[in-house]
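Here's a quick walk through the rings and greasy spots of a protein model. Have the viewer open and follow along.

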Amino acid sequence: MISPDDSIGTDDPPDGKPADPADEATGLPWLKSWLSVYVFVTMCFVTWVVLLVALERVFS
Amino acid sequence: MSLVDFVVLIGAIVGIAGYGVWRTRGRRGLSHYLKGDQSTGWLVIGISVMATQASAITFISTPGQGYQDGLGFVQNYFGAPLALIVIAAIFLPMYRRLNVYTAYEFLGRRFDSKTRLLGAALFLLQRGLAAGITIYAPAIILSTVLHWRADATILLAGLVVIVYTAAGGSEAVNVTQKYQLGVIFCGMVAAFIVLLTKLPANLSLHDALSVAGAFRKLDSVDFSIDVNRRYTFWSGLLGGFFLALSYFGTDQSQVQRYLSGASLRESRLGLMFNAVFKIPMQFFILSLGVLVFVFYQFEPPPVFFNAAAWESGVRRDNSERLHSLEQRFALAHAAKRQLIERWLDARRSGDIQTATSARAQALEANRQSEELRTEARKTLLAANPTAQSNDTDYVFITFILGHLPHGLIGLLIAAFFAAALSSKAAELNALASTTTMDFYRYIVRRQAADAHYVAASKFFTVGWGLVAIAFALFANLAENLIQAVNIVGSIFYGVVLALFLVAFFLRRVGGTAVFWAALLAQSLVFVLYSYLRVSYLWFNLIGCAACVLFSLVLQAALGPESERAEALPKT
């Protein structure tokens, strides 16, 4: 049983299990941290929007 | 369809379903049945998440959207990458740490029983409705164009998915989705290649894009702040963000997919796979519709793409107005084709003045053709009031049956069925898991052996499957089908998401405040949906913001003492 508010929303695992170190690594060759993965994904999104706008402008 | 098409269709569908049953035979444990063997790699998770969202409606209806309105619908998915990042960074670690079976179990641990049950009930309500639509949509379209019995198609598709989902649980869903998405991908790419070869020989890809651009089919990003427009950059980014956050982060049909990951890392990468490829995939499917539009500028299209409804209307139309409209439309199309060819020829020869003039005339001819199509729809509806006046769902399938070679037709029909089964299987799996874990085990029978709960899950899988089949047999939808699914989702998702956001970020708010806030906010969304004429995507934001705000106000009114005095048990 886990009491509310004491365990949820904190950095400590509520079930007492330590975070698995393997989960901290992304396992990707170029993007070593999760923050860099998220930045990469955001850049992909921005690139898509720019390409869509360019496609529209070029052929309109 | 020929014998070759049927062999491809039956082979693909029954083969994959049979493989799912065989691969998961002998699995007995509850955790295994509901969460798979928790050894799934990131690619399978990514495919599974993608296949769960992309139902048959996505592949049948979205090209029709592209044909009619161009690429603008892609904006609907602009919020998805950012939402998936939030889920990977915040939601997912929490679910995995708590080792929950369902997302709503988390609400019970954070708040209380009634909030858990409310979250689960909202999920069952909206997903139960959507489950009916996802089986109805492909069945009704395919039965209409292939002249199959609609009820038999619904029953057959429904029973196949019930059998392998009930037999193998979550793992069966994962292993079959991998191959089903393979069939879908092969079918759509093959259709794209054939479509390119079907364009006139002297039409380059640049010409094709110029034609599409001239008719505004490439308009994909609208930065307008007009809230009445259904798809804009802002509604897609903000409304789409909340829709995606709620769908991927709190909808059990998705949560169950990535909870089966071998580790947090695998689950995260599976979500990031979707964050990167979701927009390109939707762009590709919409592009198919745009290319079909270009194709039909050089080949005569039907005035109304639902041929069965049109023929039924023609039989009832004593004044022969429909027949006359058909002839006028054919003449208008021939004139438009000549103008487009003159424009392209003049452009190739560098005659800018003639090109500009012919282009303007072609646009005017297209406007007249569209007016004839609108008039045809109205006349059809007058002749047959029960006819579906929206034919965009029939555009792509009409092209497939009319212009693709045999064998490939079977592959495309198999792709549609594969998409229907893959999303349906995930839905049934999630509905059964939620019913078992959040209601049956939580309220009816708390202490029993794993085998008992596995049997209960199988029973609920069959039960929800039969409910979906029954809904599909009696449904009659007027909206474009993919929009119908999104509208149903948008009405409920905002409030469900708010329950989770309050749980994660507003630690002072307790169960009683958020419970009543959710009920108030959901009521508000129902009322606003009836009266407010804004893009449905905004209801995700409205529902979420209202629930969060009401939670804060109610908690302030209740005070911390009354929250602690709550008597309901925690899980």
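What follows covers aromatic pairs, an aromatic cluster, charges over rings and a surface patch.

Keep in mind that this is a predicted model. Over all its chains, the structure holds 40 aromatic pairs. Take B:Tyr296 and B:Phe305 to begin with: their rings pair edge-to-face, with 5.6 Å centre to centre and 65° between the planes. Why edge-to-face? Because the planes are 65° apart, and anything over 60 degrees gets that label. B:Tyr296 is buried, at a relative accessible area of 3%, and B:Phe305 is buried too, at 2%. Both count as buried because the cut-off is under 20% relative accessible area.

Now look at B:Phe396 and B:Phe416, another edge-to-face pair, with 6.2 Å between centres and 70° between planes. This one links distant parts of the chain, with the two positions 20 residues apart in numbering. B:Phe396 belongs to helix α16 (residues 395-403) of chain B, while B:Phe416 belongs to helix α17 (residues 408-444) of chain B. How accessible is B:Phe396? Its relative accessible area is 0%, so it is buried. B:Phe416 also comes out as buried, at 0% relative accessibility.

Beyond pairs, there's a whole aromatic cluster in chain B. Its members are B:Phe91, B:Tyr95, B:Tyr104, B:Phe106, B:Phe123, B:Phe500, B:Phe504 and B:Phe505.

Rings also turn up with charged side chains over their faces. Here they are side by side:

| Charged residue | Ring | Distance from ring centre |
|---|---|---|
| B:Lys114 | B:Phe515 | 5.7 Å |
| B:Arg441 | B:Tyr453 | 5.3 Å |

Let's move to the outside. Which residues form the nonpolar patch on the surface? They are B:Leu155, B:Leu159, B:Val462, B:Leu466, B:Leu473 and B:Phe474, and together they have about 550 Å² of accessible area. Two or more patch residues each come from α8 (150-198) and α18 (450-474) of chain B. The largest share is from α18(B), which gives four residues.

For a close-up of the patch, pick B:Leu466, which sits in helix α18 of chain B. Is B:Leu466 buried, exposed or partly exposed? At 46% relative accessibility, B:Leu466 counts as partly exposed, because that label covers values between 20% and 50%. A patch residue needs over 30% relative accessible area, so B:Leu466 clears that bar at 46%.

Conventions. Residues numbered from 1 in each chain as written. Chains lettered and ligands numbered in written order. Predicted model: local features only at pLDDT ≥ 70, side-chain atom pairs only at ≥ 80, totals over all residues. Heavy atoms only, no water. Phe/Tyr/Trp six-rings, centres within 6.5 Å; stacked < 30°, edge-to-face > 60°. Buried < 20%, exposed > 50% of the residue type's maximum accessible area, 1.4 Å probe, protein only. Lys NZ or Arg CZ within 6 Å of the ring centre and 35° of its normal. Patch = residues over 30% accessible without salt bridge, like charges linked within 9 Å, V, L, I, M, F, W, Y side chains within 5 Å. Areas by Shrake-Rupley, 256 points an atom, 1.4 Å probe, with all protein chains shown as cover. Salt bridge = Lys/Arg side-chain N within 4 Å of Asp/Glu carboxyl O.
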